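User: Please take a close look at one part of this structure, the strands of the first chain and what packs around them, and describe it in one connected account.

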Amino acid sequence: MAEELQKYLKRLLPTVEGLLSIIISDRDGVQLVAAHDQAPPGTLRPPFLGTFAIATEQASKLGLGKNKSIISFYSGHQVIQFNHSPLVLTFVATREANTGLIYSLEEDLRDAVTDLQGAVTVL
Amino acid sequence: MGSCCNKDETEGPATERTPILAHTTPVQAIPTAPHVTGPHMSRTDEESALNRILQKTANDIIDVTYIEPHSLEVTEISGRTKDYKSQVAAMRGVPRHAAKLPSSCNQAPQSLLARELISPTDIRFISEQTIAAANALESMEVKHGEPLVVQFAAT
């Protein structure tokens, strides 16, 4: 199952030009399953991935309901993260990548993330 | 204060506590919610109500300056990674994520669809040859010289 999931993530990577990594991690940024291709090393580490949990928690207090996702644009890259508490789904791509197409990949991965939510005990 | 044209001041000079509207019924007090402290609640109930209010306020406050720095130790990260790997590896069953792409398709669907189309001449040729092949198959029949079903003599 783990290998099949990782193979599936690796097959999804080239479907969007500029997509560099797909990571499923816990709230603190510890990876469960990941596939990456020349992604910036810092984006694969827990301190980077773990910031989303804090951001989404604060964003949920803005009076618009529970925060579902956050898109962050940087000078050279973009990061799209989804809240599947207690898991986090992260996409890292180049600045020129198609943001909407990356966003739509979440639907393809929703079943896999749901399976992980039920099977993995997040510490 | 009162109206500047009001001449019916029978109860002495108006003060700051004199009602402006003289002939109105007093406003009924709005009934308090059950959880709001009242005169008959015990001290513990008041404290628990206060704690609830404080907790709710703390949850609703957006404070990005005070964020608990929960930097994980390297050993803890590696331990968690191993645990997650073993749990994911132990997951059984067929993964529900559908392999929606054909196995030979390693490129993005949009890049395949954006390729140059086949020329109409080729499409017409393929269609004609396909129709001819289908007609040829339909016209095939077996011409037998001997009966196909033979009755064996009873013993």
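Analyst: A:Leu19 stands opposite A:Ala93 in β5(A), and this pair belongs to a predicted model, in which β1(A) and β5(A) run antiparallel to each other and are joined over seven bridges. Another pair between these two strands is formed by A:Ser25, whose partner in β5(A) is A:Val88.

On β5(A) there is also a pairing with β4(A), again in the antiparallel sense, and here eight bridges are found. A:Gln81 faces A:Thr90 of β5(A), and the two strands make a hairpin with two residues between them. The loop between β4 (77-84) and β5 (87-94) of chain A contains A:Pro86, and the peptide bond that joins A:Ser85 to A:Pro86 is cis, with an omega of about 5°.

With regard to cover, seven of the eight residues of β5(A) are buried, so β5(A) is largely enclosed by the rest of the structure. For β1(A), eight of its eight residues are buried, and the strand is accordingly described as mostly covered.

β1(A) also pairs with β2(A), in the antiparallel sense and over five bridges; within this pairing, A:Ile23 has A:Ala34 of β2(A) as its bridge partner. The hairpin of β1(A) and β2(A) has four residues between the strands, and in this hairpin A:Gly29 adopts a positive phi near 95°. A positive phi, of about 60°, is found as well at A:Gln38, although A:Gln38 is not a glycine. A:Gln38 is placed in the loop between β2 (31-36) and α2 (46-49) of chain A, and because its relative accessibility is 71%, A:Gln38 counts as exposed.

The loop between α1 and β1 of chain A holds A:Thr15, and here the relative accessibility is 7%, which means that A:Thr15 counts as buried. The side chain of A:Thr15 reaches the backbone oxygen of A:Leu12 at a distance of 2.5 Å.

The helix that belongs in this account is α4(A), which spans residues 99-119, has 21 residues and reaches 30 Å from its first C-alpha to its last, close to the 30 Å expected at 1.5 Å a residue. At its N-terminal end α4(A) is capped by A:Asn98, a side-chain oxygen of which lies 3.2 Å from the backbone nitrogen of A:Gly100. Further along, α4(A) bends by about 50° at A:Leu109, and A:Leu109 is also one of the buried residues of this helix, among them A:Ile102, A:Leu105, A:Ala112, A:Val113 and A:Leu116. The buried residues of α4(A) also include A:Glu106 and A:Asp115. The elements that cover these buried residues include β1 (19-26), β2, β4 and β5 of chain A, together with α1 (2-12) of chain A and α2 (74-89) of chain B.

Since that cover includes a helix of chain B, a few words on chain B complete the picture. Chain B has four helices and zero strands, which follow one another along the sequence in the pattern α-α-α-α. Of the 155 residues of chain B, 6% count as buried, while about 14800 Å² of chain B is exposed, with carbon and sulfur atoms supplying 60% of that area.

Methods:
Residues are numbered from 1 along each chain as its sequence is written. Chains are lettered from A and ligands numbered from 1 in the order in which they are written. This is a predicted model: local features need pLDDT of at least 70, side-chain atom pairs count only at pLDDT 80 or more; totals for chains, interfaces and linings use all residues. Side-chain values use heavy atoms; hydrogens and water are left out. Buried means under 20% relative accessible area, exposed over 50%, partly exposed in between (1.4 Å probe, protein chains only). Accessible areas come from the Shrake-Rupley method with a 1.4 Å probe; for residues, only the protein chains shown count as cover. The expected span of a helix is 1.5 Å times one less than its number of residues. The bend at a residue is the angle between axes fitted to the seven residues ending there and the seven starting there. Contact means heavy atoms within 4.5 Å. A polar contact is a pair of N or O atoms within 3.5 Å; within protein, one must be able to donate a hydrogen and the other to accept it, and residues adjacent in sequence count only if both atoms are side-chain atoms. Two strands pair if DSSP finds at least two bridges between them.
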